[in-house]
Amino acid sequence: MAKLSNDSVIGRLNTRFENRFNQIEDSYGLLTIETGKEDILDILEFLKTDGELQFNYLTDITAVHYPDLPKEFAVVYHLHSLVNNVRIRIKVFLDGAYPAIPTATVLWDGANWMERETYDFFGIQFVGHPDLRRILNVDDMDVFPMRKEYPLEDPNRMDKGDYFFGR
């Protein structure tokens, strides 16, 4: 069997999902595609079940907050084809007012905790998730700590003054 390359993965994806990708890049050898939330489950299912690709291992689901972009949240999926020893990253950008995306628990049971963690820290709503609630933070917390909505440090702290550091 020939080694699966990023170009062959792109070819298979473009054959099946022509014009449904916003961006495709191959930086540092890691194939990264960007798509919309309406297509994410179809793409994930194809990557998992396709006999040639076999991206059947969900490595991670996380998010990134870009407060200066029009769609300020990116949900990021990392998949691994254990058979072909190839990885792929899939990004979906979401609006900040109500960041929601379909759940991947219909494809991987392991997505349950990854989505709960992403919800807990970023506030991403995974529509259809069987038990979307906080997993690491306290239940009555009303903020999402990984959002870049707050200053990194308290500007009123006196122990951080330059004069303490010879400046």
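This note goes through the aromatic rings and the largest pocket of a predicted model.

1. The structure holds four aromatic pairs. In one of them, Phe-17 and Phe-21 meet edge-to-face, with 6.4 Å from centre to centre and 75° between the planes. Phe-17 counts as buried because its relative accessibility is 0%, and Phe-21, at 13% relative accessibility, counts as buried as well; the cut-off to keep in mind here is that buried means under 20%.

2. Phe-17 also pairs with Phe-46: the ring centres are 5.5 Å apart and the planes stand at 80°, so this pair is edge-to-face. The pair links distant parts of the chain, since Phe-17 belongs to the loop between helix H1 (6–16) and strand S1 (21–27), while Phe-46 lies in helix H2 (residues 40–49), 29 residues apart. Both Phe-17 and Phe-46 are buried, and ring pairs join Phe-17, Phe-21 and Phe-46 into a cluster.

3. A ring can also have a charge placed over it, and here the charged end of Arg-116 sits over the ring of Trp-113, at 5.9 Å from the centre of that ring.

4. The largest pocket contains about 160 Å³ of space. Among the residues that line the largest pocket are Asn-22, Glu-34, Lys-37, Lys-71, Phe-93, Asp-95 and Tyr-98. Strand S2 (30–35) and strand S5 (86–94) each contribute at least two residues to this lining, and S5 gives the most, with three residues. By kind, the lining of the largest pocket is made up of four nonpolar, three polar and five charged residues.

Conventions
Residues numbered from 1 in each chain as written. Predicted model: local features only at pLDDT ≥ 70, side-chain atom pairs only at ≥ 80, totals over all residues. Heavy atoms only, no water. Phe/Tyr/Trp six-rings, centres within 6.5 Å; stacked < 30°, edge-to-face > 60°. Buried < 20%, exposed > 50% of the residue type's maximum accessible area, 1.4 Å probe, protein only. Helix = DSSP H or I, 4+ residues; strand = E, 2+ residues; numbered from the N terminus. Lys NZ or Arg CZ within 6 Å of the ring centre and 35° of its normal. 1 Å grid on protein atoms, 1.4 Å probe; cavity = no way out; pocket = protein on both sides within 12 Å on 5 of 7 lines; lining within 4 Å. Points joined across faces, edges and corners; volume = space filled by probe spheres on them. Nonpolar A, V, L, I, M, F, W, Y, C, P; charged D, E, K, R; others polar.
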